[in-house]
Amino acid sequence: MRPDDVRALALMLPDVSEGAHQGHPDFRIAGRIFATLWVEEERVVLRLTRDDQARVLEEEPDLFSPVPGAWGRRGWTNLDLWDADEAVLRDALLAAWRTLALDALDGA
């Protein structure tokens with residue numbers, strides 16, 4: 001997968017907008033970031049629940065890694081795009097989106 005694939009798939013999800021965080025494109029729902037795209041490194045950082053993070057790390061340990069430090073302990077997870085296929089990327093983006101979408105719906 002490529003950075004343009006992340007953008008296309010993320011923007012297909014309901015109520016998603018694109019922004020920027022520290023010079024990197026990001027994807028938000030209700031103003032909150034669920035994914036940040038690191039174009040040069042060909043990776044995406046995803047906001048997952050700890051359960052979703054544990055699942056993806058177990059299923060695809062060569063593709064996913066926790067972000068170092070406290071961010072990773074809170075569920076933020078790297079996905080290496082180079083070797084990921086569309087199904088893996090789509091599932092990861094949906095899981096990250098769902099984390100915030102449920103909160104947004106509860107607040108509505």
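Visitor: Which residues are linked in a network of salt bridges?
Guide: In this predicted model, the network takes in Asp-52, Arg-55, Glu-59 and Asp-91. The structure holds nine salt bridges.

Visitor: What makes Arg-55 and Asp-91 a salt bridge?
Guide: Their closest N and O atoms are 3.0 Å apart. The cut-off is 4 Å between a side-chain nitrogen of Lys or Arg and a carboxyl oxygen of Asp or Glu, so the pair qualifies. This one links distant parts of the chain: Arg-55 belongs to helix 2 (residues 50-59) and Asp-91 to helix 4 (residues 86-107), 36 residues apart.

Visitor: Why do Arg-55 and Asp-91 count as partly exposed?
Guide: Buried means under 20% and exposed means over 50%, with partly exposed in between. Arg-55 has 26% relative accessibility, so it goes into the middle class. Asp-91 comes out at 33%, so it goes there too.

Visitor: How do you know that Glu-86 and Arg-90 form a salt bridge?
Guide: By the distance again: 2.2 Å between the closest N and O atoms, and the limit is 4 Å. Both residues lie in helix 4, four residues apart, which is about one turn of the helix. An α-helix has 3.6 residues a turn, so residues three or four places apart point the same way. Glu-86, at 37% relative accessibility, is partly exposed, and Arg-90, at 39%, is partly exposed as well.

Visitor: And Asp-26, is it buried or exposed?
Guide: Buried: its relative accessible area is 0%, and anything under 20% gets that label. Asp-26 has a salt-bridge partner, Arg-28, with the closest N and O atoms 2.8 Å apart.

Visitor: What makes Trp-71 and Trp-76 an aromatic pair, and of which kind?
Guide: The count comes to one aromatic pair, and this is it: the rings are 6.1 Å apart centre to centre, with 75° between the planes. Centres must lie within 6.5 Å, and planes over 60 degrees apart count as edge-to-face, so the pair is edge-to-face. As for accessibility, Trp-71 is partly exposed at 49%, while Trp-76 is buried at 12%.

Visitor: Which charged ends sit over the rings of Trp-71 and Trp-38?
Guide: Over Trp-71 there is the charged end of Arg-74, 4.5 Å from the ring centre. Over Trp-38 there is that of Arg-43, 4.3 Å from the centre. The distance limit is 6 Å, with the charge also within 35 degrees of the ring normal.

Visitor: Where do those tryptophans turn up in the largest pocket?
Guide: Trp-38, Trp-71 and Trp-76 are among the residues nearest its centre, along with His-21 and Val-45. There are 13 lining residues, around about 340 Å³ of space. The elements giving two or more residues to the lining are strand 3 (32-38), strand 4 (43-47) and strand 6 (76-80). Strand 3 gives the largest share, three residues.

Visitor: How do you know which side of helix 1 is the buried one?
Guide: Look at its buried residues: Pro-3, Val-6, Leu-9 and Ala-10. They cover an arc of only 130° around the axis, which puts them on the same side of helix 1. The face turned away from that side carries the exposed residues Asp-4 and Met-12.

Visitor: What makes the phi of Ala-30 worth a look?
Guide: The sign: phi is near 55°, a positive value in a residue other than glycine. Most residues other than glycine have a negative phi. Ala-30 lies in the loop between strand 2 (24-29) and strand 3. Its relative accessibility is 60%, and the exposed class begins over 50%, so Ala-30 counts as exposed.

Visitor: And what is the phi of Glu-42?
Guide: About 50°, positive although Glu-42 is not a glycine. You'll find Glu-42 in the loop between strand 3 and strand 4. It has a relative accessible area of 22%, and buried needs under 20%, so Glu-42 is called partly exposed.

Methods
Residues numbered from 1 in each chain as written. Predicted model: local features only at pLDDT ≥ 70, side-chain atom pairs only at ≥ 80, totals over all residues. Heavy atoms only, no water. Buried < 20%, exposed > 50% of the residue type's maximum accessible area, 1.4 Å probe, protein only. Arc of directions from axis to C-beta. Phe/Tyr/Trp six-rings, centres within 6.5 Å; stacked < 30°, edge-to-face > 60°. 1 Å grid on protein atoms, 1.4 Å probe; cavity = no way out; pocket = protein on both sides within 12 Å on 5 of 7 lines; lining within 4 Å. Points joined across faces, edges and corners; volume = space filled by probe spheres on them.
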